[in-house]
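Please examine the sequence and the three-dimensional model shown here. The paragraphs that follow lead through the structure part by part.

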Amino acid sequence: MQNFKKNDGSAKLDAALLLVLFIAAYFYAVSIEAFELLIEFMENHEHWQLDELLTSLALIGFGGFVFAWRRYLETRRELEKRKAAEADVNWLAHFDPLTELPNRRMLNEFARKFDCDNDQRRGGNCYVIYSIDLDGFKKINDLHGHAAGDHLLKIVASRLTSFFPEDLIVRLGGDEFVVIAKALAQTDVKQTGMELCKIIGAPMNLEGNNAEVGTSIGIVLLPAQTGSLEEAIQCADIAMYTAKKSTSTKVLLFKEVMREAAKKRADLECQLKEALSADAIEPYYQPLIDLSSNRIYGFEVLARWTLPDGTAIPPVEFIKVAEDAGLISDLSVKLLKKACRDAAAWPNDILLSFNLSPTQLADRLIGLRLINVLNETGFRPQRLEIEITESAMVLDADTAQYVIGQLQQLGIQIALDDFGTGYSSLSQMSRFKFSRLKIDQSFIRDFENDPKQNSIVRAIIALGNGLNVATTAEGIEQPSQLEALKKLGCNSGQGYLLGRPMTAEKAKAALAGPVLPAVRKRA
Ligand code: C2E
Ligand code: MG
Ligand code: MG
C-alpha cells in the first residue's frame, strides 16, 4: 500500500515535470519561431518526407499520452479498491462482525493508550467497568440453533448500546461483554447493574421463538479500586464469575477477597489437573446397609484427594472446581474405572453407587462414557447405581431426561441423592422411574427430636413405599436413629454408625464379616 502511495506521488511529479518541460519548450520554440523554421526546413527537404514522419510521431505521442492517462486512471482505481480493502481489514481486526461492537483487540489497544490519571487531571470523570456474561446462552444455542443464538447476541448488543450510548462496549467473545463507562456523580453502580440485568433479560423473539437470558455482572470502579484498566477488567471479571456462582445475586461489586478466592481456586485447579494426570484421586467406599437384614448390599463411591503435603481436600470443594474447569468427566471416568476394578473382588450382587454431578447430566455423551468404562472393566450395568441430585433435573431437564433414559435402558439404576434439599417436585417423581430415594442427612440429624423433620422423614418414606421406590437414610450416626428408621419402614441406611468411607481393601474385609459390628451390637 505504501508503495502505491509512493508510485502515485512520483507519477504526479513526473507529470508536473513534463508539463514544465513542455511549457519551457513551447516558449523557447515561440521565441526562436521554431515552427516557421521547421516548415522551411521541411519544404527545403521535401524528398525526406519529414511532414509524414512528424505527423506519425505526433500521432504516436498522442496515443502514448492516452495510454499513460488510462494506466494512471486504472492505478487510481486499484489504489482506491485497496484502500477500501485495507479499511475493511482494519475494521474486521477491531470490530466483531456479528454485533458490530469493538472486539478484544480494540480493547487491548484502548487499554494501552488509556490513562485515567491524566483524564482526572484534565477534569475528566473516573470509570466504571462492567463485565457482563449471559447465563443460559448455550441452552438457547442448543435449543433453537446457532442462528437464533447469533440473533440473541445482536439483540443484547443493541440493548447494551441503548443503555450505554456514550460508552465503550466491547464483545470479548462468546457471550461475554465489557463496558467501560464514564462514572457519573451520584450513580449507584449496583443499581445500574441491576437495571441492566432487567433490560437484557427482557423477553425477545428469536425467529418465532420466545426466549430470555439471564445475566451475571461484575463491577469495578477505576481508579478507586484498581490501578490500570487491564487490572480493572480482570477484577470486574472476577466479580462477574463470583456473581455467576452466587445463588442470591447476579450483580456484584468487586472486593479484594474475591481476588484471593479466585487465586486459591486457580491454584486448586492447577493442583487438580496434576492430581488427575498422576491418577492421585482415589475412590473410597461407604457401606450401604439393608435395614431388614443388616447386611451390606452395596457401597457408595466417594472421591478422596490428599495433597502431597498430607492436606485432604473435601470432595465438595474439588468436585466444584472440576466442574468449572471442565475436568469432571475425566475425573469421573478415572474414578469409576478404579471402582469397577475394585468391585470385581466383591461378591457379584454387591451394588456400586456412583455420584454424578449436575453438570454431567447436561452432557449427552455421559451414557457413552459410562458404557465404555463398564465394557472396559467387564462390570455389569445392573450392579451400577448412579446417584443424581434434584438440581441436575432443573439445570437442563430435557438433556437430563435423555441421559437418564439412556442409562436406564442399559440396566443402570438411578437414585435420587440428598432428597428433599433441592428442587423436589412430585412431577419429577412421576416422570422418572427412580430406583431409590436417598433421604438427606440434614433430615436424619434431628428427626427424633424435631417434629417437623420427623414429619418430612415419614412423608419421604411413605412416598417411597407408595411409588415402590426404595428409601435410604443418609447420615445415620446414632443407634436410636437406626431403630427409629427401621420402625418407620425405611429400607436401607448409610452413615458413620454403619461404616465410614473406607479403602477398597477395608471394604472387602467388611464384606467378609456377617454383619457390621455397630449393627450387630444392636440387633
Ligand atoms: P453425598 O453423595 O451425599 O455423600 C455422602 C456424604 O456424606 C459423604 O461426604 C459422606 O462421607 C458423608 N457422610 C456419610 N455418612 C455420614 C454421617 O453419618 N455423618 C456425616 N456428617 N456425614 C456422613 P463426602 O465424602 O465429603 O462427599 C460429599 C459430597 O461430595 C457427596 O455427597 C457428593 O455429593 C460429592 N461427591 C463425593 N464424591 C463424588 C464423586 O466422585 N463425584 C461426584 N460428582 N460427587 C462426589
Ligand atoms: Mg451420594
Ligand atoms: Mg447424599
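The C-alpha centres of domain 1 and domain 3 lie 91 Å apart. The protein is divided into domain 1 (2–94), domain 2 (104–255) and domain 3 (275–522), with bounds that come from an automatic or database domain assignment. This is a predicted model, in which local features need pLDDT of at least 70 and side-chain atom pairs count only at pLDDT 80 or more, while totals for chains, interfaces and linings use all residues. Residues are numbered from 1 along each chain as its sequence is written, chains are lettered from A and ligands numbered from 1 in the order in which they are written, and side-chain values use heavy atoms, with hydrogens and water left out.

Consider next an open sheet of 5 strands. Its order is β2-β3-β1-β6-β7, and the pairing is mixed. Helices (H or I, at least four residues) and strands (E, at least two) are DSSP runs numbered from the N terminus, and two strands pair if DSSP finds at least two bridges between them. At the edges stand β2 (168–173) and β7 (251–253), each of which pairs on one side only. From one strand to the next, the twist averages 20°; axes are lines fitted to C-alpha atoms, for helices over the stretch in contact, and angles run from 0 to 180 degrees between N-to-C directions.

The edge strand β2 is joined to β3 by 5 bridges, and the two run antiparallel. One bridge can be located by its residues: the partner of Arg171 in β3 is Phe177. The two strands form a hairpin with 2 residues between them, and Gly174 in the turn has a positive phi of about 50°. Of the 6 residues of β2, 5 are buried, so this strand is largely enclosed by the rest of the structure. Here, buried means under 20% relative accessible area, exposed means over 50%, and partly exposed lies in between (1.4 Å probe, protein chains only).

At the other edge, 3 bridges join strand β6 (residues 214–222) to β7, and these strands run parallel. Ile217 has Val251 as its bridge partner in β7. Helix α9 (residues 229–245) packs on the sheet and touches β1 (127–135), β3 (176–182), β6 and β7, its direction making about 145° with that of β6. Contact means heavy atoms within 4.5 Å. Asp237 lies in helix α9 and, leaving aside its neighbours within four places in sequence, is in contact with Ser131 and Glu176. The C-alpha atoms of Asp237 and Gly218 are separated by 6.1 Å, although the two residues are 19 residues apart along the chain.

Which residues have the most contacts inside the largest nonpolar core? They are Leu352, Ile386, Ile388 and Leu485, in a core of 73 residues. A nonpolar core is a set of buried Ala, Val, Leu, Ile, Met, Phe, Trp, Tyr and Cys residues joined through side-chain atoms within 4.5 Å. Helix α12 (residues 328–343) gives the most to this core, with 7 residues. A second, separate core of 31 residues includes Tyr130, Ala181, Leu206 and Val213. Ile155, placed in helix α7 (residues 146–163), is buried, with a relative accessible area of 17%. Not counting residues up to four places away in sequence, Ile155 touches Met204, Asn205 and Leu206.

The metal sites remain. The protein donors of the magnesium ion (ligand 2) are Glu300 (OE), Asn355 (OD1), Glu387 (OE) and Asp417 (OD), lying 2.0 to 2.3 Å from it. Donors are N, O and S atoms within 2.8 Å of the metal (3.2 Å for Na, K and Ca); water is not among the atoms, so sites may look incomplete. Glu300 lies in strand β9 (residues 295–306) and Asn355 in strand β11 (residues 351–355), so the pair ties together parts that are 55 residues apart in sequence. Glu300 counts as buried, at 4% relative accessibility, whereas Asn355 counts as partly exposed, at 25%.

For the magnesium ion (ligand 3), the protein donors are Asp417 (OD), Asp418 (OD), Glu474 (OE) and Glu474 (OE), lying 2.0 to 2.8 Å from it. Asp418 in strand β13 (residues 413–419) and Glu474 in the loop between β15 (470–473) and α19 (479–488) link distant parts of the chain, 56 residues apart. Asp418 counts as partly exposed, at 24% relative accessibility, and Glu474 is buried, at 7%. The two magnesium ions, ligand 3 and ligand 2, are 3.8 Å apart, and Asp417 coordinates both.
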